[in-house]
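Subject: Structure for your review

Dear colleague,

Please find the structure below, together with its sequence. My notes on two of the ligand sites follow it.

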Amino acid sequence: MRIFIAFAAALTVVAGGLFAYAHRHPELAPAPALPRANFAPDLVAKGEKLAGLGACVTCHTRPGGAPYAGGLKLPTPFGAIYATNITPHVDTGIGAWSENAFKRAMREGIDRRGRHLYPAFPYDHFAKTTDEDLRAIYAYLMTRKPVEQAPTPNELRFPFNIRPLLAGWNLLFHDPSPFRPDPTRSAAWNEGAYYVQALGHCGACHSPRNAFGAVKTDAHLAGGEAEGWHSPGLGAHAAAPVPWTKDSLLNYLIDGWDGRHGVAAGPMTAVVDHLAGQPESVVEAIVEYLLSLQPPADPKKTDDIVRAARAREYAAGATPVGDGPMARGEAVFARACANCHRQGGSATPLALGAAMNAPHAGNLLHVVLEGIKPPKGSPEKSMPRFALPDDQLADLATYMRTRFTDKPAWESLPEQIRAARSAK
Ligand code: HEC
Ligand code: HEC
Ligand code: HEC
C-alpha cells in the first residue's frame, strides 16, 4: 500500500505538473445575490428530490450542524477532507456562485475561483447529470437559508495538498462526457442507469478504486469501500448470497431491510433514507437497471441458500471446545449476541448479510462497536452497541466468519480493530 501511494504521489506530481499549467481554469465572476423569488417553486421542489438522490446533505452537514453548511470530515487514504458550505451564504458558502459556476463544479470539479476540487466530492459521477437537473439543484440550494460557517481547512499530506495536481488526475481519470442513453433499452432502464451512474453516485462506494483514488471504470459496481465499510458488488457483481429479485431490491432500497439480505447499515443507511423520499418510479428504475445486469434468480436455489443459512444460525453441536479463539469467540457470541441472533429470532440469518460475507471485518466491527441505527423505514431493526475489548472482538470476528460463512478467514484483525475504533 505504501509503495502504491508513493508511486501514486510521484506520478501525480509528474502528470499534474505537466498539465496543471496547460489546463488552468478562469475565475468566474461573482453572481449578484438572487432573490429567492427568482426560482420557480416547482423547479425548487424538483431540485429538492434530486439533491436527495445525490445525498448532498449527508456529506455537506457536520454532526449536529446546520444542513448544507459543511464541516463533515471525510477520511481518505491521502488525509482528511472537509465538505464545504453549500448554503447561499455569500462569503462562506456558494451565494456568489452563478448557475454556470455551479455546473462547472459539478461537471469538472473546479470551484468558482478556478481552483480544483478533490474527488472526495463525487463530481466524477455528478458530471453525468443533465443540465436541467443541475439547474433544479442549483435552484434548490440557492433557496436554502444562508448559513455563515467558514470551511474547515483540509488535512491532506504532501503532495496531495497541492490542488493544481488534480489537473493531472482529471486528465487521467475524469470523463466529463454526458450520460448517453442506450436507445435499445426501455425508458425506465435508462432512467435507472442515469441515476445510478450520475446523481446516485452508487459507484463512489460500490466500485473499486485504483492507487490514485479513482474509480476503476472497467469494474463498475464490482464492490468497493466506504468509510471502513465494504460496499458489496451490485448488478453483474452482486455479492449477496441470495440473488436479488425485484421485490427484495425494492424492500432493501426503500425500507432499508429485506428478510433475505438484512439491514442497510453504516453509510448505506443515509442512501436508503434518501431513496425512500424519491418517487417510487425512481427506485423502480434503479432496480430495473441493476437487475438487468445480473442473471435472473432461481427460486429453488434461493430456498436452499436460505435453509442452509438458517441451519448455520442453529449450529447446535458445532460449539467449539477448548480455549482457542473459536471457543472464546463462541462464548462472547453466546453471551452478547445469541439472544437476538439465533434461529427464530427476528434478525435476518447472519450468513445472508453483507457484514459476514465482506472481504474484511470492517462492517462487522463497526456494527458491534457502534450498533445499528437503521433506516427510517425499518425502525425496529436497531441493534445496541457493545463495548468489547480488542481480544474479545478478534475472537468474535474469527468465530463468526467461520461459523456463518465458508469464506477465507479475515486477516490482520488487530489492525482492523484499531482502524474501526479510530474511525468512530
Ligand atoms: C461523498 C460526499 C459528498 C457528497 C455526496 C456531495 N459532496 Fe459536495 N463536496 C464534498 C467535498 C468533500 C467537497 C470539498 C472538496 C474540496 O475541498 O476540494 C465538496 C464540494 C462541493 C462544491 C464546491 C463548493 C466550494 O465551496 O468550493 C459544491 C458546489 C458541491 N460540493 C455540491 C454538491 C451537491 C450539489 C451535492 C449533491 C448533488 C454534493 N455536493 C454531494 C463532498 C460531497
Ligand atoms: C456512501 C457509500 C454508499 C453509496 C453512495 C451507496 N452505497 Fe449501497 N452500500 C454501502 C455499504 C457500506 C453497504 C453495506 C451495508 C451493510 O453492511 O449493511 C451497501 C449495501 C448496498 C446493498 C446491499 C448489498 C448486499 O450484498 O447486501 C445494495 C443493494 C446497495 N447498497 C445499493 C446501492 C445503490 C443502488 C446505490 C446508489 C443509489 C448505493 N447503494 C449507494 C455504501 C454505499
Ligand atoms: C437486542 C438485539 C440484538 C443484539 C443483542 C445483537 N444484535 Fe446484531 N442485529 C440486531 C438486529 C435487529 C439486526 C438487523 C436485523 C436484520 O438485518 O434482519 C442486527 C444485525 C446484525 C448484523 C448484520 C449487519 C449487516 O450489515 O449485515 C451483524 C453482523 C450483527 N447484528 C452482529 C451482532 C453481534 C456480533 C452481536 C453481539 C456482539 C449482536 N449483533 C447483538 C439485533 C441485535
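Why does histidine 206 count as buried? Its relative accessibility is 10%, and the cut-off for burial is under 20%. Please note that this is a predicted model.

His206 belongs to the iron site of ligand 2. The protein donors of this iron atom are His206, through NE2, and Met268, through SD, at 2.0 to 2.3 Å from the metal. These two residues join distant parts of the chain: histidine 206 lies in helix α9 (residues 202–206) and methionine 268 in helix α11 (residues 267–276), with their positions 62 residues apart in the numbering. Methionine 268 also counts as buried, because its relative accessibility is 18%. The iron atom of ligand 2 has six donor atoms in an octahedral arrangement, with angles of 88 to 178 degrees among them. For six octahedral donors, the ideal angles are 90 or 180 degrees.

The second site concerns ligand 3. This ligand is surrounded by 25 residues, of which Cys337, Cys340, His341, Thr348 and Met383 are the closest. By class, 19 of the shell residues are nonpolar, five are polar and one is charged. Domain 2 (187–292) and domain 3 (308–422) each contribute at least three residues to the shell, and helix α16 supplies the largest share, three residues.

Polar contacts to ligand 3 involve both side chain and backbone. An N or O atom in the side chain of histidine 341 is 2.8 Å from a nitrogen atom of the ligand. Oxygen atoms of ligand 3 lie 3.4 Å from a polar backbone atom of alanine 354 and 3.2 Å from a backbone N or O atom of alanine 355.

With kind regards

Methods: Residues are numbered from 1 along each chain as its sequence is written. Chains are lettered from A and ligands numbered from 1 in the order in which they are written. This is a predicted model: local features need pLDDT of at least 70, side-chain atom pairs count only at pLDDT 80 or more; totals for chains, interfaces and linings use all residues. Side-chain values use heavy atoms; hydrogens and water are left out. Donors are N, O and S atoms within 2.8 Å of the metal (3.2 Å for Na, K and Ca); water is not among the atoms, so sites may look incomplete. Four donors count as tetrahedral if all angles lie between 85 and 135 degrees; four count as square planar and six as octahedral if opposite donors are over 155 degrees apart and all others between 65 and 115; anything else is irregular. Helices (H or I, at least four residues) and strands (E, at least two) are DSSP runs, numbered from the N terminus. Buried means under 20% relative accessible area, exposed over 50%, partly exposed in between (1.4 Å probe, protein chains only). A residue is near a molecule or strand if one of its heavy atoms lies within 4 Å of it. A polar contact is a pair of N or O atoms within 3.5 Å; within protein, one must be able to donate a hydrogen and the other to accept it, and residues adjacent in sequence count only if both atoms are side-chain atoms. Ala, Val, Leu, Ile, Met, Phe, Trp, Tyr, Cys and Pro count as nonpolar, Asp, Glu, Lys and Arg as charged, and the others, Gly among them, as polar. Domain bounds come from an automatic or database domain assignment.
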